[in-house]
Amino acid sequence: MVSGQLHRHFRDDGAPTGIEFSTVRPRQVLVIGNLSEFTDGGAVNAEKITSFEQYRRSVQDVEVITFDELYQRACFIVVDR
């Protein structure tokens with residue numbers, strides 16, 4: 001999200017440099033764990049996956065993904081080109 005305001009850059013003596021910039025709110029991503037952590041003996045552990053999904057949805061302004069999901073996204077981007 002762009003703040004909508006341009007900021008002017010000045011030299012130490014106060015003279016304008018002619019440079020203008022705007023601030024942005026960068027996207028934040030937290031990469032944790034992998035999908036195999038949600039299985040027990042090859043079967044999906046419903047409590048673990050539910051707990052993770054609740055945590056993922058409760059975090060504001062940060063996208064929480066697993067290493068597996070990040071890898072899948074990267075593969076999709078490479079194949080799609």
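This section describes an aromatic pair, two residue environments and the salt bridges in a predicted model.

The structure contains 1 aromatic pair. Its members are F38 and F52, whose ring centres lie 4.9 Å apart. The planes are set at 40°, and the pair is classed as tilted. F38 belongs to the loop between β3 (29-31) and β4 (39-40). F52 sits in helix α1 (residues 46-58). The two are 14 residues apart, and the pair thus links distant parts of the chain. Both rings belong to buried residues: F38 has a relative accessibility of 10%, and F52 has a relative accessible area of 9%. Each counts as buried because its value falls under 20%.

N45 is found in the loop between β5 (43-44) and α1. This residue is buried, at 18% relative accessibility. Its side chain makes a polar contact with the side chain of D40, at 2.6 Å. Residues up to four places away in sequence aside, N45 touches F38, T39 and D40. F38, one of these contacts, is also a member of the aromatic pair.

Y55 lies in helix α1. The relative accessible area of Y55 is 40%, so the residue is partly exposed. Beyond its neighbours within four places in sequence, Y55 is in contact with L30 and V64. L30 falls within β3 (29-31), and V64 falls within strand β6 (residues 63-65).

The structure holds 8 salt bridges. Among them is the bridge between R56 and E53, with an N to O distance of 3.1 Å. Both residues lie in helix α1. They are 3 residues apart, about one turn of the helix. R56 is buried, with a relative accessible area of 18%. E53 also forms a salt bridge with R57. Here the closest N and O atoms are 3.8 Å apart. R57 and E53 are again both in helix α1, separated by 4 residues, about one turn of the helix. R57 is exposed, at 64% relative accessibility. Salt bridges link E53, R56, R57 and E69 in a network.

A further salt bridge joins E63 and R73. Its closest N and O atoms are 2.5 Å apart. This pair links distant parts of the chain, with E63 in strand β6 (residues 63-65) and R73 in helix α2 (residues 67-80). The partners are 10 residues apart. Both are partly exposed: E63 has a relative accessible area of 22%, and R73 has one of 38%.

How values were computed:
Residues are numbered from 1 along each chain as its sequence is written. This is a predicted model: local features need pLDDT of at least 70, side-chain atom pairs count only at pLDDT 80 or more; totals for chains, interfaces and linings use all residues. Side-chain values use heavy atoms; hydrogens and water are left out. Rings of Phe, Tyr and Trp (its six-membered ring) pair if their centres lie within 6.5 Å; planes under 30 degrees apart count as stacked, over 60 as edge-to-face and the rest as tilted. Buried means under 20% relative accessible area, exposed over 50%, partly exposed in between (1.4 Å probe, protein chains only). A polar contact is a pair of N or O atoms within 3.5 Å; within protein, one must be able to donate a hydrogen and the other to accept it, and residues adjacent in sequence count only if both atoms are side-chain atoms. Contact means heavy atoms within 4.5 Å. A salt bridge is a side-chain nitrogen of Lys or Arg within 4 Å of a carboxyl oxygen of Asp or Glu.
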